[in-house]
There are 2 protein chains.
Amino acid sequence: MSLVVVGSMAFDALETPFGKTDKIVGGAATYISLSASYFVKPVNVVSVVGGDFDQDHIGLMHQRNINTEGVQVKENEKSFFWSGRYFNDMNSRETLVTELNVLGDFDPIIPEAYQNCEYLMLGNLAPQVQRTVLERLTNRPKLIVMDTMNFWMDIAMEELQQTIGMVDVLSINDEEARQLSGEYSLVKAARKIMAMGPKFLIIKKGEHGALLFHDDKVFFAPALPLEEVFDPTGAGDTFAGGFIGYIAATGDISFENMKRAIIHGSAMASFCVEKFGTERLKNLGQQEIDNRVQQFVSLVAFDTVLS
Amino acid sequence: MSLVVVGSMAFDALETPFGKTDKIVGGAATYISLSASYFVKPVNVVSVVGGDFDQDHIGLMHQRNINTEGVQVKENEKSFFWSGRYFNDMNSRETLVTELNVLGDFDPIIPEAYQNCEYLMLGNLAPQVQRTVLERLTNRPKLIVMDTMNFWMDIAMEELQQTIGMVDVLSINDEEARQLSGEYSLVKAARKIMAMGPKFLIIKKGEHGALLFHDDKVFFAPALPLEEVFDPTGAGDTFAGGFIGYIAATGDISFENMKRAIIHGSAMASFCVEKFGTERLKNLGQQEIDNRVQQFVSLVAFDTVLS
């Protein structure tokens, strides 16, 4: 059940209709590992930060049994920084600042203790960095899940497709699926993308839920209708963390179990958006996670037999 | 189980990325009654057409046990005509022509045989016309379902709210729910709209499915991911027809049964979009409807117990 998570650890500065933050801790590996830590221990992280990174946050990760041995600290450099502003509908945003800093020449190191991991989550990063991680693992994990984004489709499509060809599960949003495949219909897009290599494809649709494709099968998981979406930052990564964490905990990579993993990932994402940044993910109780999963079960449950 | 359907019967001229049509038969009452006719017989229609209306289509409706006694024919006038063009994503469209014709001064007549109906579906029409129908029914039906659209919110909000206050189930899309309530969050919007009168609210989200709200409960039905959406015209009305038809057939107006009704409505809508206009709704078999409903069941089904 050993899990390795690769991705950025960063500072974000966010503006939403509800307020704004100064630099707070963010990054794909941060959200993924926090979310996964509610299902499996330890979560082994591969990342890179600057000397400016928040030591209290590293402490929190350790408390949650997240292993940061694979997190390089470049003392004289600065951490990756992203700043963005969400519009009123919370479904669209604009990037205000992107400073790659330590991420610009990230050369991932896999500690010896991480070798022979069974589950690997490749958070969004340059596709050649994701591939380097795969090449540096002595044995191929039982399941490799990869997240990416449109940015790499714009500037590195060939390398991206090469990396996609090496993974088991690809997780992208609907617009990215359309861009990657050149198909508007998500059913056609899924077929083309699975022909690139991944046996499973997750298409995330934000407030409209998520689809899981495998062979000619499809599963749909709704998003929970929420009173208020406070800050959507990290929701996709939190979803991915819940997904891979649940699979690592159960050790079952069947389509049936992936359905349950998607429901658990969706439940974790529904917590994430309730507060700024990682705030809501720092100290969840098992009971509130169970209750939230039960809300997803109720949301789509109906009895086909006439009453 | 007697059902009355009120709404337009019209000619539409459509352009989609897949082709265009000359005038073909459309209108809310046409789609609703065809869809409902697969669940309950007879379907009693209240509408108005001009002398130009398609007699073959009236014949088809009769074959499907749709009673057109309440359809006024104004021999020297023309039927309602709408022309529209869909954009590439099929989720947005522009209106090219709207000619109200006979619909401009529609004064609905309720034949004696329609009185004492148990189920009433008010398709999209001017809210004062919908209210006139309610006033002309001797007894209040067991369940009144109402559809409307943003157009009436723009020009007749007060009359619209008055009519909404008289019905049991309101069916609108997400943008209309936001406009009607002034709330972006659909959870908050639903609460405000139910405070206007309806005990149940259906929010249609097109390719993203539909939500059913009642008290503090919510049910989510997905849309089937389709290879190709050929023509979305009438999908919302076909959904409504399947919904009210299923309820009329089962005689059960509980929240639990409405969930099943929404799944059946969604299944009917998924047929509608496969061909131009009403083409796909003319001759469906019971087996293909059952199979389609089963696809919806499978789409969201997962076992919460670990395998």
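**Exercise 1. Work out whether Asp168(A) is buried or exposed, and what surrounds it.**

Asp168(A) is buried, at a relative accessible area of 7% (buried is under 20%, exposed over 50%, partly exposed in between, with a 1.4 Å probe and protein chains only). Bear in mind that this is a predicted model, where local features need pLDDT of at least 70, side-chain atom pairs count only at pLDDT 80 or more, and totals for chains, interfaces and linings use all residues. Residues are numbered from 1 along each chain as its sequence is written, chains are lettered from A in the order in which they are written, and side-chain values use heavy atoms, leaving out hydrogens and water.

Next, place the residue: Asp168(A) sits in the loop between helix H5 (157–164) and strand E11 (169–173) of chain A (DSSP runs, helices being H or I with at least four residues and strands E with at least two, numbered from the N terminus).

Then list the neighbours. Leaving aside residues up to four places away in sequence, Asp168(A) touches Arg140(A), Lys142(A), Leu143(A), Ile144(A), Pro198(A), Lys199(A) and Phe200(A) (contact means heavy atoms within 4.5 Å).

**Exercise 2. Find which residue of chain A pairs with Lys188(B) in a salt bridge, and say where the two partners lie.**

Start with the distance: Lys188(B) bridges to Glu228(A), with the closest N and O atoms 2.7 Å apart (a salt bridge puts a side-chain nitrogen of Lys or Arg within 4 Å of a carboxyl oxygen of Asp or Glu). Lys188(B) belongs to helix H7 (residues 186–194) of chain B and Glu228(A) to the loop between E14 and H8 of chain A, so the pair joins two chains.

Now check accessibility. Lys188(B) is partly exposed at 22%, and Glu228(A) is partly exposed too, at 36%.

Finally, zoom out. The count between chain A and chain B is 6 salt bridges; one of them links Arg191(B) to Glu227(A), at 2.1 Å between the closest N and O atoms.

**Exercise 3. Starting from Arg85(A), trace the network of salt bridges.**

First, Arg85(A) pairs with Glu94(A), their closest N and O atoms being 2.6 Å apart. Both are partly exposed: Arg85(A) has a relative accessible area of 31% and Glu94(A) one of 28%. Then widen the search: Glu15(A), Lys20(A), Arg85(A) and Glu94(A) are linked in one network. For scale, the whole structure holds 34 salt bridges over all chains.
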